[in-house]
Amino acid sequence: MHIRHRLELIIERMATRRACNILEAAGLTGYTVLPALSGYGRGNHWNRDTDLSAAGDMVVIVSVGSAGAIETALAQLEALLSAHIGVLNVSEVKVLRPDRF
Amino acid sequence: MHIRHRLELIIERMATRRACNILEAAGLTGYTVLPALSGYGRGNHWNRDTDLSAAGDMVVIVSVGSAGAIETALAQLEALLSAHIGVLNVSEVKVLRPDRF
Amino acid sequence: MHIRHRLELIIERMATRRACNILEAAGLTGYTVLPALSGYGRGNHWNRDTDLSAAGDMVVIVSVGSAGAIETALAQLEALLSAHIGVLNVSEVKVLRPDRF
Amino acid sequence: MDIAFATLLSPMVLFFLLGLCAALLKSQMSIPEAFAKGLAIYLMMSIGLKGGVEMSKNALGQDVVLVMLSGIALSFLLPIIAFALLRATSRLERTDAAAVAAHYGSISIVTFVAAGQAVEAAGLVTSGYLVAVAAMMEVPAIISALMIVYRRGQKDSAIAGAERGELAQEVLLNASVVVLIGSLVIGWLTGAHGMERIAPFFVEPFQGVLCLFLLDMGLSAGRGLRNGWRLLGPATIGFGLYMPLISACLAAGLALLNRMPAGDAALLITLAASSSYIAVPAAMRLALPKAKPAIYLTLSLGITFPFNLIIGLPLYIWLAELVTR
Amino acid sequence: MDIAFATLLSPMVLFFLLGLCAALLKSQMSIPEAFAKGLAIYLMMSIGLKGGVEMSKNALGQDVVLVMLSGIALSFLLPIIAFALLRATSRLERTDAAAVAAHYGSISIVTFVAAGQAVEAAGLVTSGYLVAVAAMMEVPAIISALMIVYRRGQKDSAIAGAERGELAQEVLLNASVVVLIGSLVIGWLTGAHGMERIAPFFVEPFQGVLCLFLLDMGLSAGRGLRNGWRLLGPATIGFGLYMPLISACLAAGLALLNRMPAGDAALLITLAASSSYIAVPAAMRLALPKAKPAIYLTLSLGITFPFNLIIGLPLYIWLAELVTR
Amino acid sequence: MDIAFATLLSPMVLFFLLGLCAALLKSQMSIPEAFAKGLAIYLMMSIGLKGGVEMSKNALGQDVVLVMLSGIALSFLLPIIAFALLRATSRLERTDAAAVAAHYGSISIVTFVAAGQAVEAAGLVTSGYLVAVAAMMEVPAIISALMIVYRRGQKDSAIAGAERGELAQEVLLNASVVVLIGSLVIGWLTGAHGMERIAPFFVEPFQGVLCLFLLDMGLSAGRGLRNGWRLLGPATIGFGLYMPLISACLAAGLALLNRMPAGDAALLITLAASSSYIAVPAAMRLALPKAKPAIYLTLSLGITFPFNLIIGLPLYIWLAELVTR
Ligand SMILES: Nc1ncnc2c1ncn2[C@@H]1O[C@H](COP(=O)(O)O)[C@@H](O)[C@H]1O
Ligand SMILES: Nc1ncnc2c1ncn2[C@@H]1O[C@H](COP(=O)(O)O)[C@@H](O)[C@H]1O
Ligand SMILES: Nc1ncnc2c1ncn2[C@@H]1O[C@H](COP(=O)(O)O)[C@@H](O)[C@H]1O
Ligand code: NA
Ligand code: NA
Ligand code: NA
């Protein structure tokens with residue numbers, strides 16, 4: 001198996017498209033967006049059912065790619081997270097079909 | 001980038017608040033709760049659509065924090081999981097803004 | 001804590017049962033299925049709301065187990081992914097109750 | 001017989017059977033959880049409102065209070081009987097037995113609603129305050145069951161992360177208590193006049209929505225049965241069939257004592273005979289997390305609910321007519 | 001012309017166009033999947049029930065059986081024609097062509113429902129059993145398409161993890177088959193009497209619900225087009241426009257042979273001309289996972305559905321009147 | 001007084017209060033987001049259609065255009081006043097103040113709908129084109145608020161990943177603009193005749209659906225208040241109470257100038273006094289992501305919406321009658 005990086009970006013739903021644009025521009029070959037139900041950060045709780053506008057919803061974006069592509073994305077994502085609510089983390093994973101990532 | 005721990009707790013939805021209380025008490029600065037659709041464990045299958053009461057629903061709680069805070073949470077979570085249905089795992093991840101975790 | 005492997009399989013919803021059959025056959029003691037909202041891969045975007053048939057929906061299947069069981073599953077999953085849409089990755093995690101995985 | 005036949009051939013019951021069969025045949029079809037939950041809230045609002053409007057028409061007398069007290073007493077008492085029977089006949093553990101007992105002391109709103117339809121089809125009239133009785137019977141059974149478990153000093157040290165009062169919050173302010181009691185009060189405050197403008201949504205389509213909801217209940221019951229029946233021994237399954245009858249007889253006795261009219265008696269009997277599968281399971285996950293949900297859910301939703309809907313209802317109406325003649 | 005104009009200006013079609021335009025203009029609005037799926041089940045229950053009630057009024061004669069057989073034959077036959085045409089004119093691969101062919105042999109319930117409305121607006125009457133014909137035409141096309149693929153010994157070794165019978169389960173017990181046939185039987189069993197009490201939910205609001213659902217279909221079709229049109233060459237797009245006409249002519253021939261009344265003929269023609277975008281895509285993901293969903297979904301939902309709804313329906317009614325005159 | 005009392009005791013307001021109390025008492029009950037969002041689309045389709053049908057009955061004169069322009073002017077102007085007041089009295093930062101200001105210039109469709117019910121209950125008549133005015137007042141306030149922020153050259157360098165035109169897309173093609181304007185046009189095109197067949201879904205059940213939706217709004221408002229009130233100082237809370245009154249007075253002046261009939265004036269006043277909690281928050285997340293959502297959501301949904309619904313509506317009707325006498 002081959003080593004790749006896994007980016008996990010937790011970000012407000014309204015910023016999904018911006019984040020995905022960054023990932024695609026960085027050369028990542030794919031990503032998947034998952035819904036979140038509720039959460040907590042910096043003293044605030046949020047909950048999908050609290051917010052009629054759904055503007056406060058968060059999503060989790062998972063993207064597996066080469067160290068280089070993830071690196072490229074991180075700089076831009078850091079800028080994005082200076083404006084939008086969210087956090088990210090990166091870990092090492094193994095994949096089977098290296099050409100896909 | 002800085003090394004932190006990522007806790008992934010899969011637990012029944014009705015115990016979410018208890019688990020989150022434990023995380024906050026352990027000093028974790030944030031967490032995110034995701035819905036699950038179905039699953040399998042110890043010979044039993046569950047499925048969100050099977051259960052009108054939704055009492056059997058599971059959620060996935062993701063929390064990234066310092067090794068110490070995760071450690072503190074683990075002892076309490078172990079106690080929680082002796083009563084409630086669920087499993088957990090911990091992995092190492094890297095983060096950009098270390099003060100946030 | 002004890003070291004185990006965490007498999008993350010992103011696959012089309014219609015193939016969930018096939019993937020789960022493979023996991024169970026490989027001796028994995030549990031897994032959890034999460035819904036996804038949208039995603040991107042090989043130049044195509046998909047979105048849950050685009051597709052009335054929901055045949056294009058993707059799910060994320062998370063399974064934590066022994067290196068051996070995950071290994072066994074991987075061969076079959078690779079075959080499955082030659083027919084169905086999806087990607088997978090494996091990482092190392094720590095667990096508390098080793099007998100459960 | 002006629003009533004039994006009419007009940008069995010009502011679209012309501014037939015849609016339940018459709019769902020049940022589809023699930024037993026392993027159909028993958030499902031009604032989205034969010035949609036079904038929305039319909040459930042609609043149904044509770046509707047019966048709450050109708051009950052409240054009925055109540056606004058008459059002053060509440062002493063007889064009403066007595067029936068309410070009877071309902072509460074039943075909800076307290078039935079779990080004790082249920083627990084004793086389960087421990088005597090089945091191999092369920094204490095905690096599992098207590099959890100099951102709580103379900104049978106509490107009530108099922110859908111069974112109540114279906115009874116309302118069947119009673120009406122049988123030409124009987126009912127009083128609105130029975131909705132209040134239904135709401136009042138939800139909670140005492142939970143308290144009763146917890147007292148059984150904790151009696152022998154078996155009270156767990158508090159569960160990690162638990163907050164004070166979280167169980168009370170869950171039990172006293174769950175969706176069905178809030179919506180039922182709330183709508184009842186609103187119906188009672190606004191009366192027939194306020195109801196007029198919302199009747200095209202809350203009254204006329206009611207039975208149709210019930211059909212759709214029962215299709216979903218059939219699917220849930222069938223899937224529950226398929227997944228969970230192996231956990232139920234014959235003694236437990238038997239309990240799911242005879243316990244409603246015991247409850248029904250006790251309720252019939254109280255109906256007789258209270259000199260209730262036949263329609264109301266049928267509803268009280270149905271409430272006693274019905275078992276919870278929404279509010280109590282949620283409460284049990286908080287209060288008795290070690291009790292196995294597959295046991296109480298399968299029994300209540302997979303065995304007792306279909307039994308009540310298909311065989312029980314005509315029986316309870318017949319029983320009600322017997323004791324009120 | 002009048003019918004064409006009336007169809008185009010019906011709220012139903014206008015809401016579809018609204019959704020289509022919004023999606024093409026990249027509006028982010030959406031109707032929640034769970035809500036839309038709930039509405040879809042409502043629509044199928046409703047037409048099943050109405051069809052069943054109609055059927056309960058008359059004994060089923062030989063003519064009904066003949067139309068049913070005609071429908072089944074069409075569903076078997078059309079994929080063969082579609083496959084041949086696609087292979088001759090487009091550059092689609094075998095598997096993709098077979099998957100598309102399956103869609104065009106099967107049917108679209110929403111197109112059928114819209115046709116029902118248009119036929120009624122045109123002053124024609126229809127028979128309830130056409131709903132049964134619709135349900136029967138869903139599945140044969142799938143079998144037919146799979147036979148095309150597997151004919152040349154190209155049968156894949158079984159897909160990893162696949163269970164025996166899972167395809168049959170999916171195809172014979174999917175939501176639309178279960179709900180349509182189930183509701184039809186229930187409507188037929190309970191008849192006009194049983195329908196009375198549920199009509200305020202299942203009959204009166206029907207056309208309004210259809211508008212809301214078509215808004216969602218417009219959004220889906222528009223988004224599908226935006227994402228998928230690049231995958232469709234002109235030959236494939238052309239197929240999405242002329243194939244319905246070929247199917248319509250064949251069905252018109254059968255309608256003539258069967259001496260069907262004009263309203264019924266219009267419905268049979270529409271069924272033949274319509275293409276599936278819910279049941280067949282799901283079946284194809286299981287049976288032919290290597291076929292590209294973007295192709296068959298975009299073609300069926302993005303091209304053929306709008307064509308049928310806007311241009312096809314008046315045409316099919318006209319054709320039906322022609323062959324039944 | 002009578003109107004105030006009638007408003008307060010309408011099922012609509014009572015269900016809102018039920019939800020509000022349940023949330024404040026920490027009930028965990030909720031109405032699924034997908035279901036509530038589906039209902040919201042239904043409500044917008046319904047008022048759009050009804051407005052369009054009304055509009056189709058009369059030719060649109062110069063007076064209509066003048067009222068539309070008045071609405072647009074209000075939507076542009078109110079954020080400027082709101083911003084100035086917030087900066088003068090509260091400690092909100094520039095961006096937060098501008099974001100809040102945008103909400104108060106824009107409108108709340110549910111408040112508008114509730115006003116329609118109250119106005120009708122008060123025996124006044126309204127014109128359909130006010131729905132168009134409502135739709136037109138959604139967007140200008142957003143532009144106005146962004147101009148305030150960017151005036152001092154404070155325009156952020158573009159946010160990472162942002163696309164050109166994404167804000168315009170969000171703001172001009174969000175669900176409420178698309179559905180309101182779309183349904184209005186459809187209602188206007190198809191007229192009373194087209195409406196007939198869909199009225200059992202879009203007209204009759206409307207008020208009942210509104211009750212269910214307001215229960216959900218009450219839950220949201222209550223939860224927002226519980227989570228967010230600590231972020232609001234007394235000056236900000238005060239703003240949420242007096243700003244609607246200022247807006248109402250300005251709108252009343254314009255109603256007087258335009259010689260609007262009392263019912264229409266009440267609706268225009270309500271639109272001005274109402275504040276957005278769906279469309280504008282979403283736009284603010286894109287355009288001013290650094291503004292804290294907890295502030296503007298809590299203020300608009302937790303303070304101003306309940307104030308308008310319970311106290312505001314009778315006041316605005318009274319004001320409308322005053323200026324149009
Ligand atoms: N340490 C964390 N682990 C997981 N999720 C987090 C963490 N911190 C923040 N979040 C998520 O990000 C959201 C916003 O966090 P914040 O930016 O800290 O307000 C929270 O509501 C959580 O859903
Ligand atoms: N090894 C595992 N990997 C991922 N999820 C698991 C695992 N084991 C259990 N689960 C999840 O936890 C739920 C309860 O498991 P159990 O406590 O084993 O009955 C299952 O239904 C799964 O959703
Ligand atoms: N590198 C990746 N990281 C995360 N998800 C991915 C990745 N590649 C593909 N996916 C997901 O898998 C789906 C199908 O991908 P593909 O097989 O590349 O068309 C995509 O729509 C994504 O949801
Ligand atoms: Na009971
Ligand atoms: Na066809
Ligand atoms: Na305003």
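**View 1. Who sits closest to ligand 2.** Of the 18 residues around ligand 2, the ones that come nearest are B:Arg42, B:Trp46, C:Thr32, C:Val64 and C:Arg100; a residue counts as near if one of its heavy atoms lies within 4 Å. The model is predicted, so local features need pLDDT of at least 70, side-chain atom pairs count only at pLDDT 80 or more, and totals for chains, interfaces and linings use all residues. Residues are numbered from 1 along each chain as its sequence is written, chains are lettered from A and ligands numbered from 1 in the order written, and side-chain values use heavy atoms, with hydrogens and water left out. The site is shared between chains because residues from chains B and C surround ligand 2.

**View 2. Polar contacts of ligand 2.** Here we look at N or O pairs within 3.5 Å. An oxygen atom of ligand 2 is 2.6 Å from a side-chain N or O atom of C:Arg100, and a polar side-chain atom of C:Thr32 lies 2.8 Å from an oxygen atom of the ligand. On its own, ligand 2 has 480 Å² of accessible area, and the protein covers 95% of that (Shrake-Rupley method, 1.4 Å probe; for residues, only the protein chains shown count as cover).

**View 3. A nonpolar patch on chains D and E.** D:Phe5, D:Leu9, E:Ile181, E:Val185, E:Trp188 and E:Leu189 make a nonpolar surface patch of about 550 Å² (residues with over 30% relative accessible area and no salt bridge, meaning no Lys or Arg side-chain nitrogen within 4 Å of an Asp or Glu carboxyl oxygen; nonpolar side chains, Val, Leu, Ile, Met, Phe, Trp and Tyr, are joined within 5 Å, like charges within 9 Å). E:Leu189 has 43% relative accessibility, so this residue counts as partly exposed (between buried, under 20%, and exposed, over 50%; 1.4 Å probe, protein chains only).

Methods
Polar contact = N/O pair within 3.5 Å; in protein donor to acceptor, adjacent residues only side chain to side chain.
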